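Subject: Structure handover

Hello,

Here is the structure I said I would pass on. My notes on what was found in it follow below.

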Amino acid sequence: MSVDFKGAHYPKSVILYAVYFYVRYGVSYRDLEEIMEERGAEVDHATLNRWVVKFGSLMAAQAQSRKKPTAKSWRMDETYIKVKGKWTYYYRAVDNTGKTLDFMLSERRDKAAARRFFKGAIGTNGVPDRVVIDKSGANLAGLQSVNVILKFTGSGNTIKILQVKYLNNIIEQDHRFVKRITGPMLGFKAFHSAEATLAGIETAHMIRKGQIYANGLTAFQQFAELAA
């Protein structure tokens, strides 16, 4: 299913350029307004914000459905994102080669949030053979809860859980890209806008890591192709 631009007052190409530039390069909305004006499109910063919030998650869903297969050995960790002046928890997972698996913003860091994240990641990527996590008791409890479900409703196979800090260096390094992009944004004013923006950032990051079939296209062309 393609991304619907019906009712937009600007060409699809202008919207996609603005959204991609914002989630890939970490500029402020007022800076992006100036950049768009230089490109011949007068768009106010409030409209740019609406575009990112509306299309960020839609583009991420397309990227998840079209990405290349990932490995069965996962690395999971959470980092912190400021929303409305308060720190929230951003769950992320990559495979053992660094490819993005899934991500989820949560107001809480507990067993329920961890379980919800793992269930979503499995729904998108399939059941892994093993997952490396930190020493968090909440993450361990959430993953153990998923294992109970798998044992009694699936094939009987469960996920091997490892709590080895050095093995998680790859996900901790991967957080840096997201933080570098969100830094100039100076925090988020609403939870839903944070979710959508982070989804767009992750999409640009997946393209950068070669997770989308390129077919000779540039990074922006790959992003735009997701909307086709």
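**A buried charged pair**

Glu 202 and Arg 92 are both buried. Please keep in mind that this is a predicted model. The two side chains form a salt bridge, with 2.7 Å between the closest N and O atoms. Because Glu 202 sits in helix α7 and Arg 92 in strand β2, this pair ties together parts that are 110 residues apart in sequence.

Arg 92 has a second partner: its side chain also meets that of Asp 174 in a salt bridge, at 2.6 Å from N to O. Here strand β2 (residues 86-95) holds Arg 92 and helix α6 holds Asp 174, so the parts tied together are 82 residues apart in sequence. Arg 92 has a relative accessibility of 1% and therefore counts as buried. Asp 174 also counts as buried, because its relative accessibility is 10%, and the cut-off for buried is under 20%.

These contacts belong to a network of salt bridges that links Arg 92, Asp 174, Glu 202 and Lys 209.

**Another salt bridge**

How many salt bridges does the structure hold? There are six. One of them is formed by Lys 165 and Glu 172, whose closest N and O atoms are 3.6 Å apart. Lys 165 is exposed, with a relative accessible area of 59%, while Glu 172 is partly exposed at 29%. As background, side chains of opposite charge can pair when their charged atoms come close.

**The nonpolar cores**

The largest nonpolar core has 48 residues. Those with the most contacts inside this core are Tyr 22, Leu 32, Met 36, Leu 48, Trp 51, Leu 105 and Ile 201. At least two core residues come from each of α1 (12-25), α2 (29-38), α3 (45-66), β1 (73-83), β3 (100-106), α6 (169-182), α7 (191-208) and α8 (219-225). The element that gives the most is α1, with ten residues.

Leu 105 can serve as an example. Leaving aside residues up to four places away in sequence, Leu 105 touches Ile 81, Val 83, Thr 88, Tyr 89, Tyr 90, Phe 191, Ala 194, Glu 195 and Leu 198.

Apart from the largest core lies another one, of 18 residues, including Tyr 91, Ala 93, Val 131 and Leu 143. In general, nonpolar side chains tend to be buried together in soluble globular proteins.

Regards

Terms used:
Residues numbered from 1 in each chain as written. Predicted model: local features only at pLDDT ≥ 70, side-chain atom pairs only at ≥ 80, totals over all residues. Heavy atoms only, no water. Core = buried A, V, L, I, M, F, W, Y, C linked by side-chain atoms within 4.5 Å. Buried < 20%, exposed > 50% of the residue type's maximum accessible area, 1.4 Å probe, protein only. Helix = DSSP H or I, 4+ residues; strand = E, 2+ residues; numbered from the N terminus. Contact = heavy atoms within 4.5 Å. Salt bridge = Lys/Arg side-chain N within 4 Å of Asp/Glu carboxyl O.
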